[in-house]
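Here are my notes on the model you sent round. They are set out as numbered points, to be read next to the structure.

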Amino acid sequence: MNKLITLIKATMSQDMNLFKIKRKNGSKISKIIFPIFLSIILMFCIGTYAWGMAEILEPLGLIHVLLSIFIILTAVITIFEGAYKSQGILFEARDNDLLFSLPITKKAIFFIRALKLMTFQLLYNSLFLIPSVIVYGIYTKINIYYCIISILMIIMSPIIPTFIGCFIGYVIKGISSKFKSKKAVQVILSTILLLGIFYLSFNKEKLISYLIQNAVNIDDIIKKIYYPAVLFNSLIINFDITNFIILLAISIIPAILFIYLGSIFYFKISSKSSEKGISKKITVKNNKYNVKTPLKALITKELKRFFSSPVFIINAGFGLVLMAVATIGLVVNSKGLIDGILNGMELEISAETIAQKISKIYFCLVVFMSFMTSITSSMISLEGKNIEITKSLPVHSKKILLSKIITSNLISIPIILICDTIFFVYFKISILDILLITLASFVFPTFSAILGLIINLKHPKLDANSDTEIVKQSMSSFIAVFSGMLLGMATTAITVINGMKNNVVIIEILVFLLADILLWQYISKIGTKKFEKLT
Amino acid sequence: MIEIKNFSKIYNGENKAVDDVNLTINSGEIFAFIGHNGAGKTTTIKAIMGILDFEEGDILINGQSIKKNPIECKKQMAYVPDNPDLYENMTAIGFINFICDMYEVPKEERKERIEKYAEIFDIKDKLNNEISSFSHGMKQKVAIIAALSHNPDVLIMDEPFVGLDPKAVFDIKEIMKKMCQEGKTIFFSTHILEVAEKLCTRVAIIKNGKIVKVGSMDEVKGDESLEKVFLELDDKNI
């Protein structure tokens, strides 16, 4: 047991290092102020949303449903995230060789990896659960008992979804490890999973109506969607020891079973995953010595890095796949999608008005997806120890940073432009709209790329244990995703509130174009210095 | 030529890793930098290469300051790190080509050099393999070929012999001697004192961030072996 605790301490210390606040020069304090500030804003936004829901639910006598909704929401996010993150955290950690060489059981290593993932999900889920718990507490009555049970609920809630996510990730990794092109198979399987989730979300109405038809009451619906949510609810409303034991059992027994059974093939899958393709016999070709300019060579290097990391591809591809799906959805079933948007946003705008403003809706889609696609926020961290080679090159840091922005744009802009073309062909929109959307397709992804790079320069993680830690769990990606989300929401809201007029769109494009220029100036002057100081 | 002038490096505002180092390594010299673990060798090498920022002193490469003119300095240098953390997702040839692109080496020149050194280090048939599949020694060979592929004036190597097979050690020593005859500057750190003794024109011993002895091999060791001198200096409370 002592060995296990020591191991947990050692493996977690790297991640928790960020939370050790240095008082001497204050540099660490300034580094965590912004993430904390961002978390508070995010929790405030979620709290406001929860408050709005509570106002509707309370008169109906359904206030207890509020917590169930948030537990289900976080469970879905955790399963989804866990399925992707587990592939890297469980199997691709850089300290695998070290840990496997130690006299500890594979079960212990497997458990530590899963625990690490769960700890992160706990922090992540807290952003959603804490505001909902506070709102619910305000609407009912806060007492010590409520506080204890809430804390317990927040701690226990990620266990089940994390292990479901881990199971999915385990299966994907297990299958892909059997193939020669492991990474390609992993990306394909993960994309199938992503598309499956999209398919389910598009068909959620059917599922919900089926549940409503077959359920006795709302609690029964929740029970059918996610049984643990009902148990959590019952504990908060009226503590029942039987429910608590059931909850503990359904949380912990599958987790133990997963650790026990999963560890049987864990080492095999890990080893297989780390096997590298020994390439075919060399054929000396002339093009082997193709000369590139330094910038081109740097971009090629970045692209190779991007395509070598399934988690990086899937993460970056999420927004872009969503964009493609939404565009195809608009083309195939524009009325259904517009209705969906109307229902989702709870806006009192007629379908006709929306149809007239389709180009602006698409503009908002471009803006939102551009902000949600942050590739550069991981690019510096992914250099890892290679940063020394990069820094030793006879190339100005500005060029190195520029190559990262161009790479990001080369990945995102072509897909956005393809979506634009599909949209332009299907919807007969004005030349001005075509021009504005095309401009936005360059301006917003560029902003996202520059912003991501600035964030990563401020919060680099060069000692990560796996790509997943950088892409999914680093401070940089956290800030980039949530600041992108807030910026996307703000820009979309400004467009909608101001009647989706051309002038508003033009001003927004100009503002972000100016921001692109200013932020690039910042990178050229201050960012390069920060880059040169990285070690 | 490398001129290290009053170079000091302080980590986190408190740990002085290198303290007022002054060294001049002339063209046509093979210069060994020796010292125990944590003495400040890698810190000095990284500062020479412009990888590590430093506040005190200056380092000149052929008369140009690495602080003021990093790009010009780097163009004249090549670096072989102590731990060859190369771009793992690239093939060996891809990586070497990448380095050549950075140094703007023309196609014919790079082709000739890469093939020559790949032949010498016996990895010609593995150039198309991904670096991640290589052993430490193989990675080291790739790092050395990449460093030599642009024919640098100044070659900086941090523990270049670690992980190499005896033939590769012999080959790299021969290459170093040849470069020295061509008037190039070679500066490397090592723990293998026999190699330093037989190969180098001059040597510096660093201890706790300070240079404790510097000079030609005869000046430093006299009639003793370099190992004995090093161990004696290490024992002294300097």
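**Notes on chains B and A**

1. Start with a helix on the sheet of chain B. Helix α5 (residues 136–148) of chain B lies across β6 and β7 of chain B. Its direction is at about 180 degrees to β6(B). Keep in mind that this is a predicted model.

2. Now the sheet itself. It is open and has six strands, in the order β6-β7-β8-β3-β9-β10 (chain B). The pairing is mixed. β6 (77–80) and β10 (210–216) of chain B stand at the edges. Each has a single partner strand, so one side of each is left without a neighbour in the sheet. From one strand to the next, the twist averages 15 degrees.

3. One pairing is worth a look. Strands β7 (residues 154–158) and β8 (residues 185–189) of chain B run parallel. Five bridges join them. B:D158 of chain B stands opposite B:S189 in β8(B).

4. A second helix also lies on these strands. Helix α1 (residues 41–48) of chain B lies across β3 (30–34), β6, β7, β8 and β9 (202–207) of chain B. Helix α1 of chain B runs at about 150 degrees to β7(B).

5. What does chain A hold in helices and strands? Chain A has 24 helices and zero strands. Of its 535 residues, 51% are buried.

6. Contacts and surface of chain A come last. Take the contacts in chain A between residues at least 6 apart in sequence: 81% of these join residues at least 24 apart. The accessible surface of chain A is about 25600 Å². Carbon and sulfur atoms account for 71% of that surface.

Note on methods:
Residues numbered from 1 in each chain as written. Chains lettered and ligands numbered in written order. Predicted model: local features only at pLDDT ≥ 70, side-chain atom pairs only at ≥ 80, totals over all residues. Heavy atoms only, no water. Pairing = 2+ DSSP bridges. Helix = DSSP H or I, 4+ residues; strand = E, 2+ residues; numbered from the N terminus. Axes fitted to C-alpha atoms, helices over the stretch in contact; angles between N-to-C directions. Contact = heavy atoms within 4.5 Å. Buried < 20%, exposed > 50% of the residue type's maximum accessible area, 1.4 Å probe, protein only. Areas by Shrake-Rupley, 256 points an atom, 1.4 Å probe, with all protein chains shown as cover.
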